[in-house]
Amino acid sequence: MNLKSLRVFVYIIEEGTLARAADRLHLSQPAVSRLLKLLEEELGVALFERYKKRLIPTPAADQFYAEANRILASVDGIPNFLNQIKSGQATPLRIVCHPRLTNGLVLPAMSLLAKRSPETRLHLEVHSRRDLERYIAQELFDVGIGSLPVPLEKIEPEEFCEVELQVLLTRRHKLADKPYLTVEDLQPYRYIALNKHTLLRKVADASLLGANERLEVFHEVSISAAAHHFVAEGLGYTITDAVSVGGNMSKDLRLVPLRPKTMMKFGIFRIGETRQHEALDDFISCIREIAELVTSRRC
């Protein structure tokens with residue numbers, strides 16, 4: 001199989017157009033088109049439908065994308081693997097996670113492991129939910145940490161934590177001393193929401209919709225860290241959870257339970273036992289320890 005043709009296919013999927021894929025590969029559009037045709041002929045399936053100069057992925061392309069990425073990742077990783085062998089370096093524990101779990105959960109767990117096992121090398125990748133699912137599907141990691149559910153058949157997650165959604169606001173806020181907050185309580189104030197593509201926002205919206213309630217969004221951001229920063233600046237409140245906020249939350253902030261009560265689950269994803277990294281179980285123990293610490297913390 002021609003690896004350049006395979007890379008053309010992956011880049012068209014990721015970039016959305018043949019032209020952008022050609023720019024990324026530093027090739028002409030006719031050359032990229034020929035490579036794509038070569039791949040389709042070799043596979044014996046159509047990977048794209050041509051419609052008004054647009055390339056629309058076929059169901060076969062959607063199924064083939066993860067495998068193509070896995071092949072390319074394996075090939076691209078060979079030089080680094082060989083360098084590690086030549087230098088005698090130990091293979092790092094490869095960790096992948098969602099952005100909102102980085103500061104509050106994954107980095108503290110990595111720090112804890114590094115203190116307990118100073119010789120263990122660590123490698124962290126932080127990706128959006130969509131890219132995290134791709135990493136998990138392609139097994140480009142030793143352990144993945146993410147929100148559940150993740151729609152993948154090959155890997156069964158281990159649930160390690162379930163937390164309820166809460167409202168993050170400043171301690172000087174008029175609502176900070178309430179035992180819980182309802183939509184009616186929050187309506188007069190500015191809602192700093194994650195965008196509609198994030199799982200937390202989808203879960204929160206679905207819960208409110210089920211109770212025939214909604215919150216009007218004032219500010220909208222793509223990552224939890226930005227929402228938390230806006231809250232700290234006194235610009236409004238956001239809906240989040242204890243794991244995302246982490247154990248080092250500012251003393252000026254407070255988490256108050258949201259009603260209706262809504263739960264979020266988090267899971268650990270690991271590759272097959274035959275490839276298990278020697279530090280994997282220790283890291284998972286650290287993750288569970290930090291999760292228990294942050295979820296039991298009263299704010």
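This is a short walk through the aromatic contacts and the internal cavity of one structure. Keep in mind that the model is predicted.

Aromatics to begin with. The count is 4 aromatic pairs. Take F160 and F266. Their rings sit 6.5 Å apart, centre to centre, with 40° between the planes. That makes the pair tilted, because tilted covers plane angles that are neither under 30 degrees nor over 60.

What does this pair tie together? F160 lies in strand 6, residues 158–164, and F266 in strand 12, residues 263–270. So the contact links parts that are 106 residues apart in sequence.

Buried or exposed? F160 is buried, at 12% relative accessible area. F266 is buried as well, at 0%. The cut-off for buried is under 20%.

Next, a cluster. F9, F48 and F64 come together as one aromatic cluster.

There is also a charge over a ring. The ring belongs to Y11, and the charged end of R24 sits over it. The distance to the ring centre is 3.8 Å.

Now the cavity. At 30 Å³ or more, the structure holds 1 cavity. The volume of the largest is about 30 Å³.

Which residues line it? The lining is Y191, A193, L194, L200, R201, T238 and I239. Three elements give two or more residues each: strand 8 (191–194), helix 9 (199–210) and strand 10 (238–240). Strand 8 has the largest share, with 3 residues.

And the chemistry of that lining? By class, 5 residues are nonpolar, 1 is polar and 1 is charged.

That is the tour. Questions, please.

Terms used
Residues are numbered from 1 along each chain as its sequence is written. This is a predicted model: local features need pLDDT of at least 70, side-chain atom pairs count only at pLDDT 80 or more; totals for chains, interfaces and linings use all residues. Side-chain values use heavy atoms; hydrogens and water are left out. Rings of Phe, Tyr and Trp (its six-membered ring) pair if their centres lie within 6.5 Å; planes under 30 degrees apart count as stacked, over 60 as edge-to-face and the rest as tilted. Helices (H or I, at least four residues) and strands (E, at least two) are DSSP runs, numbered from the N terminus. Buried means under 20% relative accessible area, exposed over 50%, partly exposed in between (1.4 Å probe, protein chains only). A charge sits over a ring if NZ of Lys or CZ of Arg is within 6 Å of the ring centre and within 35 degrees of the ring normal. On a 1 Å grid over the protein atoms alone, a cavity is a set of points where a 1.4 Å probe fits but cannot get out, and a pocket is an open set with protein on both sides within 12 Å along at least five of seven lines; lining residues have an atom within 4 Å of a point. Grid points are joined across faces, edges and corners, and a volume is the space filled by probe spheres set on the points. Ala, Val, Leu, Ile, Met, Phe, Trp, Tyr, Cys and Pro count as nonpolar, Asp, Glu, Lys and Arg as charged, and the others, Gly among them, as polar.
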